[in-house]
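Have the model open in a viewer with the residue numbering switched on. The stops below can be selected one after another.

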Amino acid sequence: MTSSQESKKQELPPTAWAVLGLLSFPGERTGYELKKWADSSLRFFYWSPAISQIYAELRRLEELGYAASVRSGPEEARAKRRYAITGAGREALAGWAADTGEAGPPVLKHGLLLRIWLGHLAEPERLRAMVGEHLERTRGELAAVREAMEHASGVPEWTFPTLALRWSERQHLAELELAEALLTDLDGLAGAPAHPGRQADGDAPTPG
């Protein structure tokens, strides 16, 4: 590996490692197939990159020698390029996966809670409606997680992805519980004064 390739390796974003991770399972896959798999697995506990991101990372991985591709022959009506991980790619991915220092803390960006935080600018009924919509959406996601778990069940190569999906099932169940509790909290505010307690006098609501 040249010094330029080594530098690129060190700068790989998590999305590149995620795409390489998808390739680490048996078989060759097109970019479209990788996107479908990301949508039915990665998005439940990390995120699913856009198809343009997947192809960009595949090109980068090929340049590094971590992935290789072959173009389909004339037997297919529409030519496709299929990708597979290389030995160097598997070795690099194993090293990255084993480096716990790179994992970092989980990042929560909860759009609904940001709006609840700004609830003093919204109508109470609209807040309740948003929580209700969130509950319905989460139930749908939970059903999708369980469908993915059922699809992966009993496939030895998918043992560890199944563990991640099982964690995601628990996370969605917890999210439903939290949202129900939030509805209860909103009900508890009914009839309460708009600005209970002392005034903040312009200070931020933080200790000290």
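The tour goes from the whole chain to its helix pairs, its cores and a few single residues.

**Whole chain**

Begin with everything shown as a cartoon, and keep in mind that this is a predicted model. The protein has eight helices and two strands. Followed along the sequence, these elements come in the pattern α-α-α-α-β-β-α-α-α-α. Colour by burial next: of the 208 residues, 32% count as buried. If contacts with a separation of 6 or more are drawn, 61% of them join residues 24 or more positions apart.

**Helix H2**

Select residues 14–23, which form helix H2. This helix is mostly covered, with nine of its ten residues buried. The buried residues of H2 are Thr15, Ala16, Trp17, Ala18, Val19, Leu20, Gly21, Leu22 and Leu23.

**H2 against H3**

Add residues 31–39, helix H3. H2 and H3 pack with their axes 10 Å apart, at an angle of about 100°. An angle of that size makes H2 roughly perpendicular to H3. To see the contact, show side chains for Val19, Leu22 and Leu23 on H2, and for Leu34, Trp37 and Ala38 on H3. By class, the contact of H2 with H3 has six nonpolar residues, no polar and no charged ones.

**H3 against H4**

Keep H3 and bring in residues 51–64, helix H4. The axes of H3 and H4 come within 9 Å and cross at roughly 120°. H3 is therefore oblique to H4. The crossing of this pair is right-handed. On the H3 side, the contact is made by Gly31, Tyr32, Leu34 and Lys35, and on the H4 side by Ile51, Ile54, Tyr55 and Leu58. These contact residues divide into six nonpolar, one polar and one charged.

**The largest nonpolar core**

Which residues have the most contacts inside the largest nonpolar core? Select Trp17, Leu20, Leu23, Leu34, Leu58 and Tyr66 to see them; the core as a whole has 23 residues. At least two residues of this core come from each of H2, H3, H4, strand S2 (81–85) and helix H5 (87–98). H2 supplies the largest share, seven residues.

Now centre the view on Leu23, one of the core residues with the most contacts. Not counting residues up to four places away in sequence, Leu23 touches Leu34, Leu58, Ala67, Tyr83, Ala84 and Ile85.

**A second core**

Apart from the largest core lies another, of twelve residues. Select Leu112, Val131, Leu183 and Leu186, which are among them.

**H7 against H8**

Select helix H7, residues 124–152, together with helix H8, residues 159–188. Their axes come within 9 Å and cross at roughly 165°. The two helices are therefore roughly antiparallel to each other. H7 passes H8 in a left-handed crossing. Colour the contact of H7 with H8 by residue class: there are 15 nonpolar, five polar and nine charged residues in it.

**Three residues of H7**

Start with Met130, which is found in helix H7. Met130 has a relative accessible area of 14% and is buried. Leaving aside its neighbours within four places in sequence, Met130 is in contact with Leu112 and Arg115. Draw a distance from Met130 to Arg115: their C-alpha atoms are separated by 9.0 Å, and the two residues are 15 apart along the chain.

Move along H7 to Leu135, also in this helix. Its relative accessible area is 5%, so Leu135 is buried. What does Leu135 contact, neighbours within four places in sequence left aside? Show Leu176, Ala179, Glu180 and Leu183 for the set. A distance drawn from Leu135 to Leu178 gives 9.7 Å between C-alpha atoms, for residues 43 apart along the chain.

Finish at Thr138, another residue placed in helix H7. Is Thr138 buried or exposed? Thr138 is buried, with a relative accessible area of 6%. With residues up to four places away in sequence not counted, Thr138 touches His172, Glu175 and Leu176. Leu176 is also one of the contacts of Leu135, so keep Leu176 displayed when viewing Leu135 and Thr138 together.

Conventions: Residues are numbered from 1 along each chain as its sequence is written. This is a predicted model: local features need pLDDT of at least 70, side-chain atom pairs count only at pLDDT 80 or more; totals for chains, interfaces and linings use all residues. Side-chain values use heavy atoms; hydrogens and water are left out. Axes are lines fitted to C-alpha atoms, for helices over the stretch in contact, and angles run from 0 to 180 degrees between N-to-C directions. Helices (H or I, at least four residues) and strands (E, at least two) are DSSP runs, numbered from the N terminus. Angles under 35 degrees count as roughly parallel, over 145 as roughly antiparallel, 65 to 115 as roughly perpendicular and the rest as oblique. A crossing is left-handed if the near helix is turned anticlockwise from the far one by less than a right angle, and right-handed if clockwise. Contact means heavy atoms within 4.5 Å. Ala, Val, Leu, Ile, Met, Phe, Trp, Tyr, Cys and Pro count as nonpolar, Asp, Glu, Lys and Arg as charged, and the others, Gly among them, as polar. A nonpolar core is a set of buried Ala, Val, Leu, Ile, Met, Phe, Trp, Tyr and Cys residues joined through side-chain atoms within 4.5 Å. Buried means under 20% relative accessible area, exposed over 50%, partly exposed in between (1.4 Å probe, protein chains only).
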